[in-house]
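Hi everyone, thanks for making time. I'd like to walk you through a structure that may be new to you, so have a look at it first.

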Amino acid sequence: MTGKTTVPRAVVVGAGIVGLTTGLALRRAGFDVVVCEHAPEIRAAGAGLGLWANALAVFDELGIGDQVRAIGKPSEMHFHDPAGRLLDTPEFGAEDHRYLLVHRAKLNDQLADAVGRENIRLGTGFRAYEEHADHVTVRMSDGSSEDADVLVGADGAYSAVRAQLVPGFPAQEHPGHHAWRAVVPAAGVSVPRNRLILGSHGCRGGYVRTQDGSVYWLVNQFRSPPLTGTRRQQALERARFLEDQGEDRVLADLIESTPEELILHNQIMVVPPLPHWVSQRVALAGDSAHAMSPHITAGATLGIEDAAVLGHLLGSTGDVPAALAGYEAAQLPRYARVAELSAAVEHAPTPQEFAWHYAAFSHWMLTQRPLAQDRVGAFQ
Ligand SMILES: Cc1cc2nc3c(=O)[nH]c(=O)nc-3n(C[C@H](O)[C@H](O)[C@H](O)COP(=O)(O)OP(=O)(O)OC[C@H]3O[C@@H](n4cnc5c(N)ncnc54)[C@H](O)[C@@H]3O)c2cc1C
């Protein structure tokens, strides 16, 4: 510990989902926490977010599970083909498909309240750290510095903490993989049900109703040709491969009714497999350690697990290097398996096999958990 106080101190870089959850987990573990965010506000790039039972179990443990459920809509991940036929996976149980759809901005707001806004320094970017035997000094963009027992880099795919801890592993484009998405009021478009569709030309997408009556739509394409036109035109072009044209063109209607400025487009970025995630006093969590292609829609859930494991291990010992070594020993191999299962989804030769591998991944993630929380009741 720093020697100045008996209360251990942590600096978390990044106030995204994972940084805020880490801040909360470390506070619950008895740490004095400061979360540094270079943006001027708590923001949430993206629209809807599917949270799996593992994430809900972590939030339960951190005391905010009911609050998170109150902003979410229980949903199920079942895929259909463009003609509306269910791509059934009878080998898997109902619980392997269940997730909670939340609005990202609302979730981040809740998390920031739970961490305590006074513990979050907005407009404060991470610059560099110096590691010492008994503490780490963290240098910020405003010229200030913080001494702490531990530094957690939860600063996303382009992580500056990772650039220093594991040089030579910058985020890379997942070639030709693009995503378009928005949350919009359902007004004017009849949305009779949720639908996730596996189409042709590497396209996947659909729409899900949210807790407040709006609709989250998304379109993804692997191996996309070069993009032309507006974001709306780009998304509409791909929606053709997801809905047989005719009376049932809900996705296309939703895209057409979405103002251009509300449509979020991403070139998907990934972090290559890292040789290590920690040093003696510095750890990576969430996308900074393992941003991957979102076709398994579990990056946030897996990052929330990172936060929980860090909280458990750092809370159970005063030996920070030992706790971080335990974290890496638990999470790095777990993530190697995630990458294998995710690759099986990505390279599935047919939509039916994609649906099967997706369910296989969810089943594995939900049953092989890094901590022994009981997921029974996560959706009650
Ligand atoms: C299209 C798409 C759909 C997805 N859908 C899902 C889904 O349904 N379910 C799911 O679980 N996952 C999903 N994911 C993945 C999920 O979005 C990410 O895994 C998750 O948001 C990662 O959170 P994070 O906190 O690690 O990183 P981020 O959300 O990127 O947060 C990083 C934070 O660090 C800040 N920061 C960066 N650099 C610095 C610095 N130098 N100093 C200070 N602060 C800094 C940033 O401003 C940001 O606030 C999806 C991803 C995509 C692209």
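**Two domains, two helices**

So, the domain assignment, which is automatic or taken from a database, splits the protein into domain 1 (9–44 + 103–171 + 271–367) and domain 2 (172–269). This is a predicted model, where local features need pLDDT of at least 70, side-chain atom pairs count only at pLDDT 80 or more, and totals for chains, interfaces and linings use all residues. Numbering starts from 1 along each chain as its sequence is written.

How far apart are the C-alpha centres of domain 1 and domain 2? They lie 28 Å apart. Contact means C-beta atoms, placed from the backbone, within 7 Å, and 12 residues of domain 1 are in contact with 11 residues of domain 2. On the domain 1 side, helix 11 gives the largest share, 3 residues. Helices here are DSSP runs of H or I with at least four residues, strands are E runs of at least two, and both are numbered from the N terminus.

Now helix 4, residues 104–115. Its buried residues (20 or more other C-beta atoms within 10 Å of their own, C-beta atoms placed from the backbone) are Leu 107, Asn 108, Leu 111, Ala 112 and Val 115. Down the helix 4 axis, they fall within an arc of 135 degrees, taken from the directions from the axis to the C-beta atoms, so they line one face of the helix. They pack against several elements, including helix 1 (17–28) and strand 2 (32–36). Just after helix 4, Gly 116 has a positive phi of about 100 degrees.

Finally, helix 10 (residues 320–346) has buried residues too, among them Tyr 327 and Tyr 335. Their cover includes helix 9 (299–315) and helix 11 (351–367).

Notes. A residue is buried if 20 or more other C-beta atoms lie within 10 Å of its own, exposed if 12 or fewer, and partly exposed in between; C-beta atoms are placed from the backbone. Two residues are in contact if their C-beta atoms, placed from the backbone, lie within 7 Å. The expected span of a helix is 1.5 Å times one less than its number of residues.
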